[in-house]
Each structure stands twice: as structure tokens, then as C-alpha cells.
Amino acid sequence: MEKFLIHGEKDDYEIVVGLEVHAQVNSQSKLFSGSSTNFGSKPNENVSLVDAAMPGMLPVINEFCIKQAIKSGLGLNAKINKFSVFDRKNYFYADLPQGYQISQYSDPIVGEGTVEINFPDGATKKIGIERIHLEQDAGKSLHDQHPSKSYIDLNRSGVALMEIVSKPDISSPEEAGAYIKKIRSILRYLGTCDGNMEQGSLRCDVNVSVKKDGDPLGIRCEIKNLNSVRFVMQAITTEANRQVEEIENGNEIIQETRLFDAVKSETRPMRSKENAHDYRYFPDPDLIPLVLTDEYINNIKISLPSLPDQIRKNLVDNYGVSEYDASVISEEKEISDYFFLASKGRDGKLVSNWLTTELFGSLNKNNLKIEDSPISPEQLGELVDFISDGTISGRIAKDVFAEMFETKKNPSKVIDETGLKQISSSDDLIPMIERVISNNLDKVDEYKNGKEQLFGFFVGQVMKESSGKANPKLVNQLLKEKLN
Amino acid sequence: MSEIVSKTILQIKEGLKKREYSALEVTDAFISASECNKKLNFYNTFTKEKALEMAKTSQSRIDSGEDKILDGIPIAIKDLFCTEGTLTTASSKILGNFIPNYESTVTQNLWDAGAIMLGKVGCDEFAMGSSNETSFFGEVINPWSKVINKNLSPGGSSGGSAAVVSAGAALAATGTDTGGSIRQPAAFCGVTGIKPTYGRCSRWGIIAFASSLDQAGPITKTVNDSALMLNVMSGFDPKDSTSANKNTPDFLKACGNFNLKNLKVGIPKEYQISGMSSEIINLWETGYGWLKDRGADIIEVSLPHTKYALPTYYVIAPAEASSNLARYDGVKYGYRNSQNHLDDLYANTRADGFGNEVKRRILIGTYVLSAGYYDAYYRKAQRVRNLIIQDFNKVFKDVDVILTPTTPSAAFEVGSQQDPISMYMNDVFTVPASLAGLPAMSVPSGLSTNGLPLGLQIIGKQFDEENVLKVASNIEDQAKFPFLN
């Protein structure tokens, strides 16, 4: 891949990006209390005494969340730390009831790992994972409910988050996008995070700096709370451009936290005393250090499902799927599940073509997810069968597909009802061919006199005569016999 | 009636069983005793009606022969334990209006055993203090004040708990001990108090001061009564991650064995601090003399890091407190000084809501945890704490218990100790066992030259409250302490 560069007025600049992905742990209850994590509940419906930081309340670790973090670490080829500690990160905010967030600072549960990202042209790149730690989410402040008051919703307070910190290995907005997509994909396969960015289950902070080739790392700025892949990519570009402009204007980059405004397409400093913040991390005395055994970790390891990289390889090696289609199909568990059902005992390549072109096209047009597809994997498989055995032509199959998508009917039923079955018998086709020839005797003469490009015209006429149902291969063969 | 209030829990249980009096009569007697002592300011919240109601329920269980261990026993609760439906203030303005809708595990255990709640007794604000003077509601007065006709401090922070038992206004009281908050007031008020091993009693529902040190325990007149209370208060609680998953032995069985043959008692030389009064030295010598008489081996031992215990404690406890008290911000419950801006709300609420000692400790704690100072203070303190633990581990290879004075002096006059550092010195003998999480108990053992109570402290191995109680009951038996009531 070509090196991504920002072209300033004077120089070219490389960009260096590190990402912090905050992934909400897929769990029924919160990290340290039994309250539900359900999204969309009424404000303050899922709040226990612990979540509200009532006097004398104590956190108790939710073991399921620990298992989810270990699973995620294993899925990202990372080292699981057998000793980890929960720390308190102290700061005051109205939606932080305890006055501190329980997080992991010096001893996180997951250490270094790697994730391989994929590009449309089939290229790959390895991005390092620095660590994953578990922490509590804060509540939500609502400033738009009352002219002079703020309201607090603690439903999210205490929900478990995994903070996945990358190494500064990312060097273009595209890589950042591919990285998030890959992390999201792996977590969804593992079932450890639903990856829903609109609902905030996956959020990103990005650290961006720029430098000239060969220079040491520049000063970085952190852009907080980006909730879509597109915003992450835009924010990186915007911020990198800003930094280049600052540098070329002779200004220094100040290490700070910035917010991205997608509407104005700019980043600006967060109005805060961020630099003055001293979180006074120290081990939470209400919790004992987390000690894991090899056996415990191994039991989780053997239960891991297949992950996108393995699936992609399987699709290419054993199903004849193209590299590009394989990465598209393997990205989402729901899609690869669909594919494996639809391609059972069939030509994988043909199924993948129909899946990635026709089905994806129709789903996109109708704004549907694959889980909501009106055509089941079995039905798509049957359709492919009818194409393979010549019952219908590829062109007719598109009509059948459209009807199936519309009515959810089985392909056999659609073909029967509409008489779309391919005409593949010479007995049926010869009379049509003869009719076309007798209606176009002048053209037959021209053809015979050497205007061979007219052959296509005759094929078209026969197809028209058969309402498109004629087996094109047979038409070709019979026409040639008749005309020559 | 006055006869009732001078009895012990075991004696009252006996009397209730024999129908000498009813649970209601017992409760009435203690209510009257409390009301007669109003000037001693025991209670932040006196729950007379609730007590009478609970007494009725107790009596009906006694009548039907389904009585529980503490049925008919009126007790007082330190105002640090959350009690459902009853004001729980931590003796602070900031929680002055706080009524929990939940019950602490320890108090729930007590009510489940039939105990009767007389009310919530005063303590130092958020348990930070050694004199009761930091309470927003005014200090409790030591009942022994009448001996010298001056207002004496009951000690702290569980001063109300010790005072109310000493005055015969409750059969027992719950206390909490972070650096000596059960033992020092017990010593000052001439009663018995035990801080069990860290993890023995659940901390759930107890307003936190310093989480790695806080432990609940009983204050009673006698060692037997402490054992009985501890039987009920102890036990594993899955809601407290630091609670120990251990069975509770019958502590009462550990008491009353007056043969100490084969028992080794350590006398740590580092506790002979310079300037210690001769009456304290004499008491200590008398104490181990008694144990020797009963067959124990007295062995001098060394706990070399003792002198670092107090400074270590005054780094770790405020550090944890500064974070634990962050939740009192005026946003969710408690006192609130309404302001238009959030930062002002915090500043004004906390400036008005907390007293000076609490603010001092929040500032110390914030300082020792802050960037640039963490290693020099907090991390170093944690290292020293480990050394102190190792000191004890080493000594406990050679001895079964350690005997020391509980405090360097008898109760002092209210208002006489203005300097925070000299106030902190009250905890010099009690803090090491707290840092090591060990069980430690104060037993009233004698009187000072001006007639005020003095206590001896017994420190035991982790989860070996039984030897502590055994030694304590021997001292009790020989001291024949002249209780006030």
C-alpha cells in the first residue's frame, strides 16, 4: 500500500494514530452490581444501591464480565494477565455517583496482542494491542430537559466497558477504519460486545500526531468520544490537517483533548481543566486483586468460536470465494453463518456471487440487515441449484430472485407459478427459431453474405420469442445449425 | 429497675428465661437509663418507639419458646451503620437528613437474632477522631466524668457506643474500628471492646472511612457478652468482597477457661514508648503478672516497625477516606448547598457539610495520592504496612497473643487536646493491629491514680479471636474491675 501522507504547503507529513476503543461488555448485569444493562429502559430504572453510590455500599465483581474480557483478549491474540488489580480513578462529575470510576490502571486484565487488518485489495497489516482493561461506565447528564436544571440518568452507571488500547501503529484514516471494523467484527464473533455504535456500545478515542519522515514522534492530541467509523476517519484527517497547518505556521502543537465537530468539520479543544486533572489512581480497597489460574484461562480458550481471519481463509481455500468477497462475508458473523448454510453442498463461488451482489444489493436498497432477509439461506441455495442444473438461466434467476425477495416464496414455487422455467428442449426451441428465420429472411441473406455480427440479433429475437426463457446455450447451438 | 441496668447480657438472658422480668421491662429500664443521662448526649437518634415495638416481638417469641440468642437485649448502634428507616448520619451535617432504605449486614444479623434497637449513638464525624469531639451533633460525655467532676471525653470514634454501655444505658453497642475506634473508647469508658480480624464482619451498609481498615465489633461490659455479640455479628457476606469465607466458631466457648498453661504471651518492647506514665507501665506489668499466675509463658518480643505504624496509618487511612467521601457531593442525597454551577455546588456543599477534621483528612488523603507524591507517601506507606504485617507474622511464630496497654493515658478532658498530632497519638498502641488486620481487644483492667479506667489490649493471630477472648476473660477475672453500673 502506498504511504499515506498529508501534503502541507512546505512538506509532506506522516500521521501516527493510536486508538482507544471503549467496548461495552455484552452482559446481563453491570460490572459490580446486579442491575440490568438493558438499553432503552426508562431513566434510572436500572440503578441499584451500589450504582447510586449510597453510603456503605460495596462493589462485587461480576465474574461473567471477567470471562468476557478474557475471551476478548484471547480473540485479539493477547496475553491474559493472571494477576490484575482494580483501581479507583478519582474525579468529580454529576453523573459519576461514587466520585471515582473503578478501572484498571497499572495491572490490566489483558496485556499485549495483535490484530490483522484487511484492505479491499487483499493487503493486510498487523496492528499492535497495548492492553485491554475493564472499567465502569459513567451515567448520563441530560442538559436539555429543563431550562435551568440538569437531569442525571444512572442506567449506564456501572455498566462494564473494555478499553482496548492500540499501539500507535496506525498510519492512515483508512487503517483506522479497518482497525475498528476488525475489532468490532472479532468482538461480535466472540459475543463479548454487540458492536452497536449508534447505541454507544462501541466508542472511540483517537490519538493523532504528525511528523516528517524520519523525525521523532510529534505531540499528540486526543479526540474523544467518536461513535462511528466515518467520524473516526474524518476526525483523524481533520485533526492531522490542523496540526500540519499549525506546524507550518510556526506554532507548537499542545497536548490536549479535543472534540470533533462533524458539522463544521473541525476539532476544537474541550473546555476543561484536563491538564490540571489528577486522577489519583490507587487500588480499590473494596476489591481484592483478581487472580486467574491457567486452567481457568484455558477453559475459556477451548470454548472460543471461529474468528473472521480463520473463516476468511477457509472461504478462500475451501470454497473458492474471492479474497475480497471472503473478507466481506467473514466480517460479520451473521453473514458468514448465512453463507455456510446457503452453500452447504453447493458451489461456494456461485453462492458467494449471489450473496454479495444480488442479496446485499436488495438488502441495502431496503435498508435491511441479513438477519431480516426475506430470502432464507436455504432458499438462496435452492435458487443457485436451479441455475446450476440449467432449470433457469442466470438472467431469469434475477427475476426469480426479485420475486422471492418480494414474496418470501421458495424459488421452485416462483418458477412454477410464473412459468419462468428455462426452455431447454430442441423440440420447443426449433419452431421458435424457424419462426424468427422466416420473419427475417432479408437478414438471413445478409448474414450468409458475411455479416456475421447479425448472429447476436437472431439470438435476441429467439430470446424475445421465448419471453427470455430459452436456454441461451442451446439457442446458440441450434441457430448455428440452422443458419449454416 | 436499676438492678436490671447493672446486669450483663448473659444475666438478662437468664432472667428473661426465668420470667423474672419481661423484654418490655428490660427495654423500659434501659430507655429510662438513657433518658436520665440526657446530658451525656449519647444519641444522635433515639428510637424509643421502635425499641418498645421490638421488645414486644421479642417477648412474644420468648413466650412461645421460640426465642433467639439476643431476644430481649436492648442495644445501641453506632451512627455509622445504615439502619432502614432510621436516620443514619455518621455524625456529619452532610448526612444530617439521610434515612437509608436498607439495613447493614451486621445490624440485620443482630435484629435477626432478636436484639432490640435503642437508637443511634454519636461518634466522631465519619469515625474520624479519637475524642468524639468531631461529631456535628456535639461530643458524647464519658460517664466517668462524675468521678473527677470534669467533662471527660469518651474517646473515639465509637465514643457513644462505649459511653452508653458504661453508663448502663444499653447492654451492648456496635462499634467500628479503623485505627482503634472500638478499643480506645472502651478503655476510656471502662468497658470491653473487640475489633475482630479484618473480614470477620461484613462492611456492607457501614459508612466507609478507610475500607482496608474498617471493621465492626461489639462494645459490652464483659468479655462473655462481647463473645456472644461477636457470634451474631460475624459471618461471610457475599456482598462484601473483603469478607472472609470462614465459619464463625462459638466465641463464647473460648471464654472462662482460666488455665493458660502452654499459652505464650508476647510483650513487645517497642510499646514501651518514652514518656509513658508509670501508671500505664504498672498496669501492663500487673496484667502479664496475672497471665503468668494462670500458667502462661511471658516472652519479650520485638515488632521493630511499630514506630512507623502511626505515620503509615495517617497516610493510608486519609488516602482511602479522601476517595470514599467523594460520594458526598450534594447531588444524590444528604445535605446540599444549591448553586447554579456544578463546581460551586460541590465546593459549597462539602465546605458546609464536612467538619474540620474530616476536611483535614480529605486534604491529607488527596495530597498523598496526587501525582508526584504518590510514591513518596502512599506507595511507601503500603510498603511499610507490609513490613508491619511481617513483624507480626514473625512474632506469632513464637507467641499466641500479644499484650499491650490499649492507650498511653486515661480519658482526657473535653477540649484539652487541640493539636491534631497529639490527638493522633491516642492511637499509637491500637493502630499496628489495624494495619495488620489482626483481632485486638481492650479489657478494662484497672484505674488510674485519679480513678479513671485503663484498659489492656490483647492482639491475636489472624482469625484467632478465640485466644484473644480466652486471655481477655482471664484478665477480666483477675482485674475485678469496678464498673460504673
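**Exercise 1. Contacts and overall form of chain A**

Find what share of the contacts in chain A with a separation of 6 or more comes from residues 24 or more positions apart, then describe the chain as a whole.

*Solution.* Keep in mind that we are working with a predicted model.

- Step 1: Take the contacts in chain A with a separation of 6 or more; residues 24 or more positions apart supply 68% of them.
- Step 2: Turn to secondary structure, where chain A has 15 helices and 16 strands.
- Step 3: Check the dimensions. The radius of gyration of chain A is 30 Å, whereas a compact globule of 484 residues would have one near 23 Å. Along the principal axes, the C-alpha atoms of chain A occupy a box of roughly 95 × 55 × 55 Å.
- Step 4: Look at burial: of the 484 residues in chain A, 42% are buried.

**Exercise 2. One residue in a loop**

Decide whether A:Phe32 is buried or exposed, and list residues that it touches.

*Solution.* Let's place the residue before counting its neighbours.

- Step 1: A:Phe32 sits in the loop that links strand 2 (12-24) and helix 1 (63-75) of chain A.
- Step 2: A residue needs 20 or more other C-beta atoms within 10 Å to be buried. A:Phe32 counts as buried because it has 26 C-beta neighbours inside 10 Å.
- Step 3: Leave out residues up to four places away in sequence, and the contacts of A:Phe32 include A:Val50, A:Pro59, A:Ile102, A:Gln136 and A:Gly158.
- Step 4: Now try A:Val159, which is 127 residues from A:Phe32 along the chain; their C-alpha atoms are 8.2 Å apart.

**Exercise 3. A pair of helices**

Work out how helix 9 and helix 10 of chain A are oriented to one another, and which residues meet between them.

*Solution.* Start with the axes, then move to the side of each helix that takes part.

- Step 1: Helix 9 (residues 377-388) and helix 10 (residues 394-407) of chain A have axes that come within 10 Å and cross at roughly 160°.
- Step 2: Angles over 145 degrees count as roughly antiparallel, so helix 9 of chain A is roughly antiparallel to helix 10 of chain A.
- Step 3: The crossing of helix 9 past helix 10 in chain A is right-handed.
- Step 4: From helix 9 of chain A come A:Gln379, A:Leu383, A:Phe386 and A:Ile387, and they meet A:Gly394, A:Ala397, A:Val400, A:Phe401 and A:Met404 of helix 10. Sorted by type, the residues of this contact are 7 nonpolar and 2 polar, with no charged ones.

**Exercise 4. Where two chains touch**

State how many residues of chain A are in contact with chain B, and sort them by type.

*Solution.* Count, then classify.

- Step 1: On chain A, 23 residues are in contact with 33 residues of chain B.
- Step 2: The side of chain A that touches chain B has 15 nonpolar, 4 polar and 4 charged residues.

Terms used. Residues are numbered from 1 along each chain as its sequence is written. Chains are lettered from A and ligands numbered from 1 in the order in which they are written. This is a predicted model: local features need pLDDT of at least 70, side-chain atom pairs count only at pLDDT 80 or more; totals for chains, interfaces and linings use all residues. Axes are lines fitted to C-alpha atoms, for helices over the stretch in contact, and angles run from 0 to 180 degrees between N-to-C directions. Helices (H or I, at least four residues) and strands (E, at least two) are DSSP runs, numbered from the N terminus. Angles under 35 degrees count as roughly parallel, over 145 as roughly antiparallel, 65 to 115 as roughly perpendicular and the rest as oblique. A crossing is left-handed if the near helix is turned anticlockwise from the far one by less than a right angle, and right-handed if clockwise. Two residues are in contact if their C-beta atoms, placed from the backbone, lie within 7 Å. Ala, Val, Leu, Ile, Met, Phe, Trp, Tyr, Cys and Pro count as nonpolar, Asp, Glu, Lys and Arg as charged, and the others, Gly among them, as polar. The radius of gyration is taken over C-alpha atoms; the globule rule is 2.2 Å times the number of residues to the power 0.38. A residue is buried if 20 or more other C-beta atoms lie within 10 Å of its own, exposed if 12 or fewer, and partly exposed in between; C-beta atoms are placed from the backbone.
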